[in-house]
Amino acid sequence: MAAPKRSTKRLQILPGGKGSPSPGVAVRTRGVDPEPKSLVFDAGSYEVLFENASDAILVIDLNTGSITSANNAALELTGYLREEIVSKSAEQLFLSSETGMGHSQSLGWAHVESNGFFEDVVLRAKDGYPRYVSLSSKTLALGDSRVAMCILRDVGEKKNMERDLITKHTELREAYVDLEKANAELKAMQETLVQSGKLAALGELAAGIAHELNQPLTAIKGFAQEARSAASSPKGCDTAYVGSCLGEVVQGADKMEKIISHLRNFTRKSTEDFAWVDVHAVIEESLVMLDKQLSARGIKVERGFDATLPKVWCNPFQLEQVFINLATNARDAIEAKASGSGRITIETRAEGDDLVEIRFADDGCGIPDSVKAKIFNPFFTTKEVGKGMGLGLSISYGILSRINASILVESGADRGTTFTIKLPVDYRKH
Ligand SMILES: Nc1ncnc2c1ncn2[C@@H]1O[C@H](COP(=O)(O)OP(=O)(O)OP(=O)(O)O)[C@@H](O)[C@H]1O
Ligand SMILES: [Mg+2]
């Protein structure tokens with residue numbers, strides 16, 4: 001079906017003037033006609049235009065304050081009949097903050113008397129409810145009277161949308177506050193978890209720690225006895241020898257102090273210990289804790305350290321906790337394997353200037369595919385009751401994700417396992 005032809009004529013409204021046959025508005029068509037024709041409206045036509053305007057129009061006599069004319073749209077907007085609204089005091093229609101009905105959005109009457117455009121003016125409709133309108137008012141002289149022509153547009157829909165938006169915004173804010181609260185609670189729980197993980201690791205490593213402390217203690221005891229017998233020798237006191245023995249005693253005590261202070265720092269509940277950290281030194285510290293346990297099982301540790309590795313901004317004690325967890329898991333995996341060598345390989349590599357990669361591999365029993373997806377879940381363990389709590393990896397994951405680091409696992413049954421950590425040099429910039 002052919003589309004209907006569009007007219008090429010356009011309507012143009014011209015102000016009436018000297019050239020017009022009568023005062024008023026001349027309408028002429030323009031387009032295909034070579035000679036423009038003019039149409040002239042009489043007063044009745046203007047009334048039709050006034051009555052059928054889509055915006056509400058009120059004419060108010062400013063001397064008496066009463067409404068003199070209202071078009072159909074104004075009757076529809078206010079709910080009044082024509083005979084009710086004409087002669088009605090405009091002040092009763094336009095709410096002010098004083099008359100209010102609980103609404104103080106506008107001083108409509110004041111707007112009526114001034115020329116301009118005003119948003120959010122409130123009208124009191126016949127049903128007593130407010131109507132939100134925009135008001136364009138113009139004062140002019142008409143014969144002896146001064147009148148205000150008010151063009152009103154219903155903005156109730158817009159207002160409702162605004163109100164909905166405000167409600168939604170409030171709901172969103174409340175949800176955000178709840179979320180923040182939940183987040184803070186989660187963080188506190190995470191801290192508790194990290195703390196219990198530390199204590200659990202310490203409990204397990206107690207034997208290794210005792211061994212670490214025992215070494216300097218044995219040396220201290222030996223050198224102290226040596227110094228005592230040298231000092232009370234019947235041949236006289238060899239002060240130089242006694243001095244060197246006491247030097248050894250002091251050295252041993254220093255070593256013990258270092259271990260104890262390290263343990264104290266490790267167990268301290270603190271998240272503020274951030275510093276530029278030498279990752280290799282942290283790996284070594286964690287291996288010191290595990291040394292006895294690994295050597296007792298014939299597990300060798302191989303290092304492939306990148307000498308150019310930059311320092312990393314982190315909490316060294318939490319990083320140490322991650323390495324202890326990984327090494328403990330590697331130990332268990334090797335022990336769980338029926339036979340073969342026991343080897344843990346730790347490699348580091350600088351990846352550009354901003355990332356450090358740490359690979360932690362073992363040749364243990366490996367992780368079957370069915371288990372791999374769950375290993376970072378809290379309380380997931382394949383170890384027998386009393387051996388594992390299933391917290392090591394979930395705590396490690398939490399610690400690493402807080403410094404924007406990632407941890408990935410590659411493994412398969414009887415293939416050994418490799419954990420790869422990517423650590424930003426300065427997580428505050430990532
Ligand atoms: N290197 C690994 N080789 C084989 N399996 C591993 C290895 N690391 C982790 N797993 C598997 O992941 C599970 C979860 O490890 P995770 O460290 O979270 O808990 P856990 O070692 O069982 O207990 P916890 O660490 O609390 O003492 C382990 O039970 C084990 O099945
Ligand atoms: Mg573990």
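In the predicted model, helix α10 contributes the largest share of the shell around ligand 1, namely 4 residues. The shell comprises 23 residues in total, the closest being A333, T381, G388, G392 and L393. Two elements supply two or more residues each to this shell: α10, covering residues 316-336, and α12, covering residues 392-402. By residue class, the surroundings of ligand 1 consist of 10 nonpolar, 11 polar and 2 charged residues.

The protein chain as a whole contains 12 helices and 15 strands. Its length is 430 residues, of which 24% count as buried. Among contacts in the chain with a separation of 6 or more, 55% involve residues 24 or more positions apart.

Helix α9 spans residues 279-296. Its 18 residues, at 1.5 Å a residue, should extend over 26 Å, and because the end C-alpha atoms are 26 Å apart, the expected and modelled spans agree. The helix nevertheless has a kink of about 60 degrees, centred on L290. L290 is also one of the buried residues of α9, a set completed by V279, V282, I283, S286, M289 and L294. Just after the helix, G298 adopts a positive phi of about 70 degrees.

The loop between α9 and β10 includes R297. This residue has 12 C-beta neighbours inside 10 Å and therefore counts as exposed, the limit for that class being 12 or fewer. Beyond its neighbours within four places in sequence, R297 is in contact with R331, I334, E335 and G342. For the pair R297 and R331, which are 34 residues apart along the chain, the C-alpha separation is 8.4 Å. R331 falls within the residue range of α10 (316-336), as does A333, which is among the residues closest to ligand 1.

Strand β10, which follows this loop, is formed by residues 300-304. Of its 5 residues, the number buried is 0, so the strand lies largely in the open. Strand β10 is joined by 5 bridges to strand β12 (residues 343-351), and the two strands run parallel. Within this pairing, G304 has E347 of β12 as its bridge partner. In a regular strand, side chains alternate between the two faces of the sheet.

Key:
Residues numbered from 1 in each chain as written. Chains lettered and ligands numbered in written order. Predicted model: local features only at pLDDT ≥ 70, side-chain atom pairs only at ≥ 80, totals over all residues. Near = placed C-beta within 6 Å. Nonpolar A, V, L, I, M, F, W, Y, C, P; charged D, E, K, R; others polar. Buried ≥ 20, exposed ≤ 12 C-beta atoms within 10 Å, placed from the backbone. Contact = placed C-beta atoms within 7 Å. Pairing = 2+ DSSP bridges. Expected span 1.5 Å × (residues − 1). Bend = angle between axes of the 7 residues up to and from the residue.
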